[in-house]
Structure formats: C-alpha cells, structure tokens
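Reader: Could you take me closely through one part of this fold, the place where a strand meets its partner at the edge of the sheet, and then follow the chain outward from there?

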Amino acid sequence: MADNSRIKPGAKDALIVVDVQNDFCPGGRLAVQKGDEVVPVVNALAKHFENVVLTQDWHPPGHRSFATSHPGKKPFDTVKLPYGEQVLWPDHCVQGSDGAALHKDLSIAHAQLVVRKGWHREVDSYSAFLEADRRTRTGLDGYLDERGIERVFVCGLATDFCVAWTALDARKLRFGALVVEDACRAIDMQGSLAAAWEKLKKAGVRRIQSGDVA
Ligand code: VGL
Ligand code: ZN
C-alpha cells in the first residue's frame, strides 16, 4: 500500500490482541499451526497503537467446552448445549496453567487491559465481548466506551474462532473493526477459515495486513 494510504491509528483506536497463549502455539494443547509466528508481527504492530487490550482464554478445569467433560466425545466433535452448538476442544488454557500463559516473547509493555474470557464453567466465549450464550458480556464494550474508543483492530489466535467472533461482535456493538490478517493464524477445520472471512466481509470488517498500518 502506498505510504499516504496507510492507516495511522489514533486515540480512538485500540488494538485487541487475542489469545496469544502457549496452548495455541506449537507444542500447546490446542496448537494452531504456526501460531507462534504471529508474535513478532504483533509486537511490531502494537508499537503503532497507544491503546492495546490483550485477551486470555481462561477456563476452569472441567469446562463445558472440553471434550473430556462429555463422556464418549472426542475433541472437535460437536454437541448441543443450552445456548446452541458447541465444538468440543482438547482441555486448554486452564486457569493458572503454563498453557494459559501469554507467549513469553509477546512484548507489549504498554498494553492497558487483559480481558480473561471463558471462565464461566458452563459457557464458552470465543468473543472478547459476548460469551457464547450471546448475552453475557465480558465488560470490554463498557471499558472501550468509557475510554472513548470507536474502532478496533483485531489480531492473534485463532483467525476463524476468537479473532473472527471478536471482530464480528465489535461491529454488532457499533465499533469500526479491522482484522490484521498476517498478525493472525487459523485453526481452519472444515472450511471454518473461509466461512469466517465471508462473515467478516458481510459484517463490514476490513481485512488488512500489518504493513498497511503506519
Ligand atoms: C479458541 C477454541 C477454543 C481461540 C479458544 O482462541 O480461537 N478457539 N478456545
Ligand atoms: Zn477456549
């Protein structure tokens, strides 16, 4: 992109860095292919933002989204829960575990808030705004509102789950939203990545690259 068309984030913009945690990186319990590759990209991207929010997937042991909580089910099976269809995952990001820790090379000292999500035992939360029951709020909307933030840039892991849901909810809650593609990596099961990009486009979420940010 030509220099004069690069996007320069300001006081009303925030970068949301989603779930850059050990369990989503190679060697982790729900490893996203090449998930660790986002770390240097995200570190560099964050330098362009005065406002940065981090999220951390943060499940209690025995969380309802874990396949181990459903006898006879395997990871990546789906089940019907009271709030709808739920993909079952390997146990991951258990509160206080090494897997739940942020990647050790993530270096964004000026980040202002860490939102922990998925801590209700019976409800998953891909989105940093609304839990999977689509009603319970994490508090991030109120926080950004009080801070005067109007637009969010979303990056991290995984593109087709927590990144996409966060960007979609941002739009639903009236924020401008962009996804920084090369600062994300996907799980991509059964076409989930292509489906996510399609939904994002329909919702008016812009798809950009980290080099588009000045
Ligand atoms: C995520 C599946 C389960 C994510 C979190 O961060 O994308 N995916 N929990
Ligand atoms: Zn999770």
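Author: Happily! Val180 stands opposite Ile208 in strand E8; strands, like helices, are DSSP runs here, numbered from the N terminus, with at least two residues (E) for a strand and at least four (H or I) for a helix. E8 covers residues 206–208, and three bridges join E7 to E8, which run parallel; two strands count as paired if DSSP finds at least two bridges between them.

Before going on, a word on the ground rules: this is a predicted model, in which local features need pLDDT of at least 70 and side-chain atom pairs count only at pLDDT 80 or more, while totals for chains, interfaces and linings use all residues. Residues are numbered from 1 along each chain as its sequence is written, chains are lettered from A and ligands numbered from 1 in the order in which they are written, and side-chain values use heavy atoms, with hydrogens and water left out.

Back to the strands. E7, H4 and E8 make a right-handed β-α-β unit, meaning that, with the strands pointing away from the viewer, the path from the first strand over the helix to the second runs clockwise. E7 also pairs with E6: six bridges join these two, and they run parallel. The chain passes from E6 through H3 to E7, again in a right-handed β-α-β crossover. In the E6–E7 pairing, Leu157 stands opposite Arg185 in E7.

Arg185 also turns up around Ala158, which is found in the loop between E6 and H3. Setting aside residues up to four places away in sequence, Ala158 touches Val32, Val163, Ala164, Arg185, Ala186 and Ile187, where contact means heavy atoms within 4.5 Å. Ala158 counts as buried because its relative accessibility is 5%; buried means under 20% relative accessible area, exposed over 50%, and partly exposed in between, using a 1.4 Å probe and protein chains only. Ala158 and Asp188 are 30 residues apart in sequence and 8.8 Å apart in space, C-alpha to C-alpha.

Over in helix H4 we find Ser192, which is buried at 14% relative accessibility. Leaving aside neighbours within four places in sequence, Ser192 is in contact with Asp160 and Phe161.

Now for the interior. The largest nonpolar core has 62 residues, and those with the most contacts inside it are Leu15, Val17, Phe129, Leu144, Phe153, Cys155 and Val179. Such a core is a set of buried Ala, Val, Leu, Ile, Met, Phe, Trp, Tyr and Cys residues joined through side-chain atoms within 4.5 Å. Among the elements that each supply at least two residues of this core are E6 (151–157), H3 (159–172), E7 (176–185) and H4 (192–202). Phe153 gives a good view of how the pieces meet: apart from residues up to four places away in sequence, Phe153 touches Ile7, Asp13, Ala14, Leu15, Ile16, Phe49, Leu178, Val180, Ile208 and Val213. Notice that both members of our opening pair, Val180 and Ile208, are in that list.

Helix H1 joins the picture too. Its buried residues are Val38, Val39, Val42, Asn43, Leu45 and Ala46. They lie on the same side of H1 because they cover an arc of only 165° around the axis, the arc being that of the directions from the helix axis to the C-beta atoms. These buried residues of H1 pack against E1, E2, E6 and E7, which brings us back to the strand where we began.
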